[in-house]
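Colleague: I would like to go through this model with you, one question at a time. Please give the reasoning before each answer.

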Amino acid sequence: MKHASQIQRLGITSIVAGVLLGLLAFFLIPVMASGAASKPSAAQPVAPDLAAVGALALPPLDPEAPAPVAGALAATLDPILSSSPADVSVSAGVLDVASGEELYSLSGNQPGIPASSLKVFTAIAATHVFGEGHRFTTKAVLKDPDTVVLVGGGDVLLGSGTGSASISGRAGLETLAKRAATSLRQAHAAGETGDALSVELDDSLFAGPALNPDWDASLVSTNNIAPLSPVAMYAARANANPKAERVGDPGMDAARTFAKALRAAMGAADGGPQVATEVTRADPGVQGTELAAVSSATLGEQTRFMLEVSDNYVAEALGRLVAVELGQTGDYAHGAAAVTQVIADLGIDTTGIELRDTSGLANTNRVAPLALARALAFAATSEHASLRNLSYGLPVAGATGTLSTRLGAAQTRGLVRAKTGSLMEVSSLSGLTVTRDGRLLAFSFFVNTSDRSIGPNRATLDAAAAALTGCGCR
């Protein structure tokens with residue numbers, strides 16, 4: 001189904017309301033009058049301080065602002081995108097968000113390698129399936145009188161301590177251990193446990209290979225990804241530092257951290273069993289008595305984290321979780337298929353889309369730039385507030401996430417929100433921007449080279465986004 005039919009289905013009234021609400025993300029972006037952008041921590045993306053924005057906020061956009069004329073827009077973008085060397089392939093698509101009209105296409109319907117721009121699909125699918133307020137639960141279960149099991153429920157942003165205000169580390173394994181210890185002391189006093197306990201890990205929520213065979217091995221050695229588990233700390237990193245190395249067995253790393261904290265908690269008070277130091281994997285489908293649980297940051301916060309810092313581990317976990325929620329197997333293939341299914345079910349044109357993962361790491365993924373632009377426009381005009389809110393999660397030019405050091409000039413800073421993408425020989429940029437006349441556009445640009453460079457020709461993508469933003473194109 002084409003984007004035009006989506007608009008017809010939603011109705012003119014709801015579309016206008018959806019566009020206006022979707023645009024609020026742009027109204028309230030803090031844009032400093034001068035000086036460098038303040039760069040928030042990658043581990044804890046920070047929402048704009050709306051009270052402090054005041055007169056520096058962008059003015060409200062006029063829904064009647066004129067859209068660019070397609071021919072004039074082409075005259076602006078073609079010199080930037082069509083003048084690349086012979087070994088550089090560029091494709092692009094631009095849509096007017098309010099009307100859904102295609103304004104520009106340079107092989108825009110030709111599937112290409114999206115890199116991390118693909119995370120836009122994952123964010124939309126996960127938000128639609130779970131809702132932005134959903135939280136993932138990690139449990140400690142007493143399987144039998146002698147065994148405690150850590151059961152992974154999909155939170156891959158666990159912390160090692162007592163929890164945190166940040167998104168990564170919101171739920172703490174030390175907190176879970178202390179709560180479980182309280183329950184265990186009560187159970188021991190009632191004669192329901194032995195004097196010695198072993199700890200097991202149930203990570204059976206995800207199935208199949210923990211690494212996608214379409215991923216280059218270098219992606220693991222360069223800390224772009226790690227084996228997938230439904231329970232992990234700090235997106236499979238060794239500690240809370242967002243640049244820390246990823247661990248080789250994230251589930252077991254979390255389980256050992258939990259077991260150590262449980263031993264400490266049990267040793268801090270009399271009247272409880274001893275906890276063994278060794279941790280083993282449990283058989284799938286653990287049954288037993290729940291001792292304690294901790295809950296993750298909300299799905300909305302997790303998708304924002306994923307989009308801002310482009311975290312591949314969170315993206316892959318969310319894809320598998322979407323599959324599980326739809327009653328499918330939680331492996332990489334079903335995750336990719338489930339995201340594609342949700343996107344199609346929403347009415348977004350999926351012609352030519354072939355997803356091999358849900359992070360964009362695989363160079364075998366195929367997505368057309370206009371498909372991504374349509375998805376962004378769909379979310380911005382959705383009747384569901386949770387999808388409209390996704391625009392808040394995109395990196396802000398010159399201010400946050402992977403765009404904090406890009407598009408920082410006065411004419412683009414705060415006006416462009418976009419998902420970046422970088423692979424060997426591939427760059428992409430897909431997002432939303434406001435034109436000089438106050439019109440909201442959705443765009444997606446891909447660059448592919450053969451020079452073996454990482455994320456090539458980003459300057460071309462930035463120049464195109466800047467041209468859109470500065471364009472009246474009447």
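**Loops, pockets and a helix**

Modeller: N223 lies in the loop between α8 and α9. The model is a predicted one.

Colleague: What is the phi of N223, a residue other than glycine?

Modeller: N223 sits in the loop that runs between α8 and α9. Although N223 is not a glycine, its phi is positive, near 65°.

Colleague: Does N223 count as buried, partly exposed or exposed, and why?

Modeller: Buried means under 20% relative accessible area, and exposed means over 50%. The relative accessibility of N223 is 22%, so N223 counts as partly exposed.

Colleague: Is E425, which also has a positive phi, buried or exposed?

Modeller: E425 is found in the loop between β8 and β9, and its phi is about 75°. The relative accessible area of E425 is 16%. The cut-off for buried is under 20%, so E425 is buried.

Colleague: Which element gives the most residues to the lining of the largest pocket?

Modeller: This pocket has a volume of about 1,300 Å³ and a lining of 48 residues. Elements that each supply at least two of the lining residues are α8, α10 and β8. With five residues, the one that gives the most is β8.

Colleague: How many residues in the lining of the largest pocket are charged?

Modeller: Nearest the centre of the largest pocket lie N224, V309, S310, N312 and S422. Over the whole lining, 16 residues are nonpolar and 19 are polar. The number of charged residues is 13.

Colleague: How much space lies in the largest cavity?

Modeller: Two cavities of 30 Å³ or more are found in a search of the whole structure. In the largest cavity, the space comes to about 110 Å³.

Colleague: Which element gives the most to the lining of that largest cavity?

Modeller: The lining has 14 residues, and L376, A379, L390, S391 and L394 are the ones nearest the centre. Two or more lining residues come from each of α6, α13, α14 and α15. By class, the lining divides into 12 nonpolar, one polar and one charged. The element that gives the most, with four residues, is α13.

Colleague: How many of the 14 residues of α11 are buried?

Modeller: Helix α11 covers residues 312-325 and reaches 20 Å from its first C-alpha to its last, close to the 20 Å expected. Among its buried residues are N312, Y313 and V314. The helix is mostly covered, and the number buried is 12.

Colleague: Which helices do the buried residues of α11 pack against?

Modeller: The buried residues of α11 include L318, L321 and V322. Their packing partners, together with those of the other buried residues of α11, are α6, α9, α10 and α12.

Colleague: Which two residues does the disulfide join?

Modeller: The structure holds one disulfide. Its S to S distance is 1.1 Å, and the cut-off for a disulfide is within 2.5 Å. Both cysteines are buried. The disulfide joins C471 to C473.

Colleague: For the protein as a whole, what percentage of the contacts with a separation of 6 or more is between residues 24 or more positions apart?

Modeller: The protein has 16 helices and 10 strands. Of its 474 residues, 55% count as buried. For contacts with a separation of 6 or more, the share from residues 24 or more positions apart is 71%.

Methods. Residues are numbered from 1 along each chain as its sequence is written. This is a predicted model: local features need pLDDT of at least 70, side-chain atom pairs count only at pLDDT 80 or more; totals for chains, interfaces and linings use all residues. Side-chain values use heavy atoms; hydrogens and water are left out. Buried means under 20% relative accessible area, exposed over 50%, partly exposed in between (1.4 Å probe, protein chains only). On a 1 Å grid over the protein atoms alone, a cavity is a set of points where a 1.4 Å probe fits but cannot get out, and a pocket is an open set with protein on both sides within 12 Å along at least five of seven lines; lining residues have an atom within 4 Å of a point. Grid points are joined across faces, edges and corners, and a volume is the space filled by probe spheres set on the points. Ala, Val, Leu, Ile, Met, Phe, Trp, Tyr, Cys and Pro count as nonpolar, Asp, Glu, Lys and Arg as charged, and the others, Gly among them, as polar. The expected span of a helix is 1.5 Å times one less than its number of residues. Contact means heavy atoms within 4.5 Å.
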